[in-house]
Amino acid sequence: MANKTNQINIPEARQAMYNMKHEVANELGITLNQGYNGNLSSKDAGHIGGNMVKKMIEAQERQMSGQQPRF
């Protein structure tokens, strides 16, 4: 049985993560559909995910330094 590693650990964050994914994709000029996006290239998916991680790290660094996070 395969392990699912892309689960949301905090269920209340599901919508925020979904919104962030679409915001990042839009910023990168990548079209995402609602629901399944199996036609997305691995390269594009990696760009979206990498930029999401970058934004989350920046937000955490701001929080740790006392600044307001920006998304």
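**Fold, core and surface of a two-helix chain**

Among contacts in the chain between residues at least 6 apart in sequence, 36% join residues at least 24 apart. The model is a predicted one. Its chain holds 2 helices and 0 strands. Of the 71 residues, 15% count as buried. The accessible surface of the chain comes to about 6000 Å². Carbon and sulfur atoms account for 50% of that surface.

The largest nonpolar core has 7 residues in all. Its members are Met 20, Val 24, Ala 25, Ile 30, Leu 32, Ile 48 and Met 52. Two or more residues of this core come from each of α1 and α2. Helix α1 gives the most, with 3 residues. Within the core, Ala 25 illustrates the packing. Neighbours within four places in sequence aside, Ala 25 is in contact with Ile 30, Leu 32 and Ile 48.

Helix α2 covers residues 42–65, 24 residues in total. At 1.5 Å a residue, this helix should span 34 Å. The C-alpha atoms at its ends are 34 Å apart, so the expected and modelled spans agree. Five positions of α2 are listed as buried: Ile 48, Met 52, Lys 55, Ala 59 and Arg 62. Two of these, Ile 48 and Met 52, also belong to the largest nonpolar core. The cover over the buried residues of α2 includes α1, residues 14–28. Gly 66 follows α2. The phi of Gly 66 is positive, near 90°.

The surface also carries a nonpolar patch. Val 53, Met 56 and Ile 57 make this patch, with an area of about 230 Å². Met 56 lies in helix α2. Its relative accessible area is 31%. Met 56 is therefore partly exposed, as this value falls between the 20% limit for buried residues and the 50% limit for exposed ones. Helix α2 thus holds both buried residues, such as Met 52, and the partly exposed Met 56.

The loop between α1 and α2 contains Gln 34. Gln 34 has a relative accessibility of 71%. This residue counts as exposed because the value is over 50%. Gln 34 and His 22 are separated by 12 residues in sequence. In space, their C-alpha atoms are 9.2 Å apart.

Key. Residues numbered from 1 in each chain as written. Predicted model: local features only at pLDDT ≥ 70, side-chain atom pairs only at ≥ 80, totals over all residues. Heavy atoms only, no water. Helix = DSSP H or I, 4+ residues; strand = E, 2+ residues; numbered from the N terminus. Expected span 1.5 Å × (residues − 1). Buried < 20%, exposed > 50% of the residue type's maximum accessible area, 1.4 Å probe, protein only. Contact = heavy atoms within 4.5 Å. Patch = residues over 30% accessible without salt bridge, like charges linked within 9 Å, V, L, I, M, F, W, Y side chains within 5 Å. Areas by Shrake-Rupley, 256 points an atom, 1.4 Å probe, with all protein chains shown as cover. Salt bridge = Lys/Arg side-chain N within 4 Å of Asp/Glu carboxyl O. Core = buried A, V, L, I, M, F, W, Y, C linked by side-chain atoms within 4.5 Å.
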